[in-house]
Amino acid sequence: MPLTPSFQNRSTSRRPRLARAGWWLAALLLALLAWWPAHRAAAAHTPTPMPTAPVRLDGTQPSRPLAQRSVAWVDRTGQLTVEQVEQQVDRLPFEPRAQGHRVSLGAAGALWVRFDAWVQDPDSHWELELARSGTDRMSVYHRRADGTWHQQHAGDRIAVRDWPSPDRYPVFALDPRTDAPVTYWVRIEHARVPFSGELFIHSHGQLREQRILQQFLLGAYFGMALLLTAVAVANGLVFRDRSFLAYAGYISLLGLSLAASLGVGGQFLWPQAAGWNGLAEFVLLPLVAAVAVLFVRQVVQPRRIGPALDRIALSLAALLLALTVWDVVQPGPWSFQAITAVGALTMVAIYAMLWAAWRTGDRWVRWIALGVLPVLLAGALPVLRNFDLISSGFLTQYAMVIAAAIEAPLLFYGLLQRSSLQHEAQARAKALSLTEPLTGLCNRHNFMLRLHDSLVRAQRYRHHNALLLITLDNHDFFVREHGREVADRALVLTGSLLRSVARDVDTAARVSDSGFALLMEGPVRGPQAVAASTSVLAGGLRPSDELPVGSTLKFKIVLALLPQDSVELQVNAQAHLDWLQIAMDALRREPRRSIQSVNF
């Protein structure tokens with residue numbers, strides 16, 4: 001289809017801006033690539049003072065970070081024991097461990113960290129914490145007062161119930177003796193991901209307070225996710241909407257992956273499964289990415305916009321599943337890096353689908369996009385960490401759960417809007433058997449059924465109903481002078497007026513091209529029917545912005561109390577309506593009269 005000149009001008013005006021943005025982005029990436037190696041080299045050669053004094057645990061500070069208070073060295077072979085490291089400590093290249101320190105250990109390497117701590121109060125209890133989950137194995141050694149070794153082990157290769165202190169993170173008790181400082185040796189194995197994590201010494205009370213707050217906040221998220229999942233499943237089954245079922249699957253899998261990455265799964269869900277505890281994060285995170293791209297594809301339907309984007313989404317999901325199987329069967333650095341790279345491409349594909357859907361202008365799509373965007377931004381942090389570009393910290397640990405807590409209700413609200421729009425159209429289609437499509441009033445067939453039932457009740461309980469037959473007398477004028485569109489607008493206004501006059505128990509209907517009826521359920525008296533007729537007549541005479549200037553709705557109204565005491569009519573609804581129509585035909589020949597009562 002040829003482009004209009006205005007669209008061509010907008011397109012050509014956007015190209016220079018896009019080109020400039022592309023050049024700025026390329027320049028920024030080149031500058032980052034040039035700065036990063038120099039920054040790493042400078043950081044590696046920056047002298048840092050060796051920690052000389054032990055960490056004094058006197059209670060003045062309930063939490064003490066070990067950054068700049070500990071030294072570290074990497075054993076690339078992983079063969080040295082703690083006795084050998086202790087004996088060779090003067091010959092081994094231990095260096096101060098700064099904040100944000102990270103290192104790639106590989107399958108055989110081990111990181112040794114040494115620090116000295118001196119407890120000042122014999123009644124206090126202090127614990128060492130590695131402030132991250134997902135570490136393969138962590139061992140802490142120190143000599144007791146009698147010179148024998150005391151060792152503690154934790155990590156994903158060990159069932160959480162067998163840790164010295166079962167927790168989300170590895171936690172180890174420190175020696176409570178106060179006569180001298182104690183030297184601690186920490187051995188860390190972490191094969192697949194560059195290791196970076198902060199070591200802290202906490203008092204027992206401080207650590208428990210932290211855990212209570214963390215568990216409360218995490219419990220709030222997981223509780224919300226569980227509730228939304230249950231509601232989404234119910235909506236999906238009741239309304240037969242696969243988007244809600246896809247949402248339930250995505251939120252459930254995202255919650256499981258966050259439980260695995262935050263240590264909640266190992267602590268509460270699978271505390272005895274050491275093998276699955278070490279494998280869960282590497283399996284669940286790629287599956288979340290695959291399910292996420294399928295969920296967005298199901299909701300925004302990219303094949304409406306372009307088949308290429310739809311095929312890309314399906315291909316990426318299938319590729320992630322295949323790579324996950326490869327990584328489980330034959331784990332290695334290449335399979336893990338491939339999963340990380342394809343996961344990054346999946347986030348780009350999700351962004352592209354949401355951007356394409358955003359441009360359609362649907363409001364519900366914007367809620368979906370606003371919900372997914374925080375997760376896309378937070379998901380970039382683990383990717384950067386896996387590529388050894390950033391260290392583990394608060395954001396890499398908690399950004400995803402914060403983003404997921406923002407995402408879940410926004411996605412659910414967007415799906416509700418989408419579902420309401422779809423079901424509104426379905427409800428309108430179903431309502432065509434009961435309502436008249438132009439005015440939304442009851443159609444003639446359904447009105448005749450209600451009139452018959454009303455006549456039966458009136459005869460049984462010996463009371464009267466009222467029936468008003470209303471004709472838009474100037475409908476032909478609107479058609480002739482202003483066209484069918486204005487005439488239909490006048491009919492819609494008439495329907496709205498009748499709904500405002502009708503009570504909850506009354507029935508308003510369109511019974512002919514320009515004819516309407518209002519059935520007032522009894523018991524009704526004559527003055528009430530006359531008052532309703534007057535209200536309809538007066539409402540039509542009020543000016544409306546929807547009509548041509550100087551035009552109003554002019555009605556002719558015939559009313560009667562039913563049932564009519566006549567043997568011929570009885571409870572025959574069609575006979576009663578024909579009886580009033582005869583009176584209407586006579587009334588329309590009298591230009592000065594607008595309301596005619598038939599039998600009272």
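At what angle do helix α6 and helix α8 pack, and how far apart are their axes? The close-ups below, taken from a predicted model, start there.

**View 1. Packing of helix α6 against helix α8.** Residues 274-300 form α6, and residues 333-358 form α8. The packing angle is about 20°, and the axes lie 10 Å apart. Angles under 35 degrees count as roughly parallel, so α6 is roughly parallel to α8. The crossing of α6 past α8 is left-handed.

**View 2. Residues in the contact of α6 with α8.** From α6 come F282, P286, A289, A292, V293, V296, R297 and V300. From α8 come F336, I339, T346, I350, M353, L354 and A357. Sorted by class, the contact holds 13 nonpolar residues, one polar and one charged.

**View 3. The largest nonpolar core.** This core counts 65 residues. Y247, Y250 and I350 have the most contacts inside it. At least two core residues come from each of α3 (204-239), α4 (242-261), α6, α7 (307-329), α8, α9 (363-386) and α10 (394-431). The top contributor is α6, with 11 residues. In soluble globular proteins, nonpolar side chains tend to be buried together.

**View 4. Surroundings of Y247.** Leaving aside residues up to four places away in sequence, Y247 touches L228, A232 and F295 among others. Its further contacts are A408, L411, F412 and L415.

**View 5. A second nonpolar core.** This core is separate and has 30 residues. Among them are L57, A72, L128 and F195.

Conventions: Residues numbered from 1 in each chain as written. Predicted model: local features only at pLDDT ≥ 70, side-chain atom pairs only at ≥ 80, totals over all residues. Heavy atoms only, no water. Axes fitted to C-alpha atoms, helices over the stretch in contact; angles between N-to-C directions. Helix = DSSP H or I, 4+ residues; strand = E, 2+ residues; numbered from the N terminus. Parallel < 35°, antiparallel > 145°, perpendicular 65-115°, else oblique. Left-handed = near helix turned anticlockwise from the far one by under 90°. Contact = heavy atoms within 4.5 Å. Nonpolar A, V, L, I, M, F, W, Y, C, P; charged D, E, K, R; others polar. Core = buried A, V, L, I, M, F, W, Y, C linked by side-chain atoms within 4.5 Å. Buried < 20%, exposed > 50% of the residue type's maximum accessible area, 1.4 Å probe, protein only.
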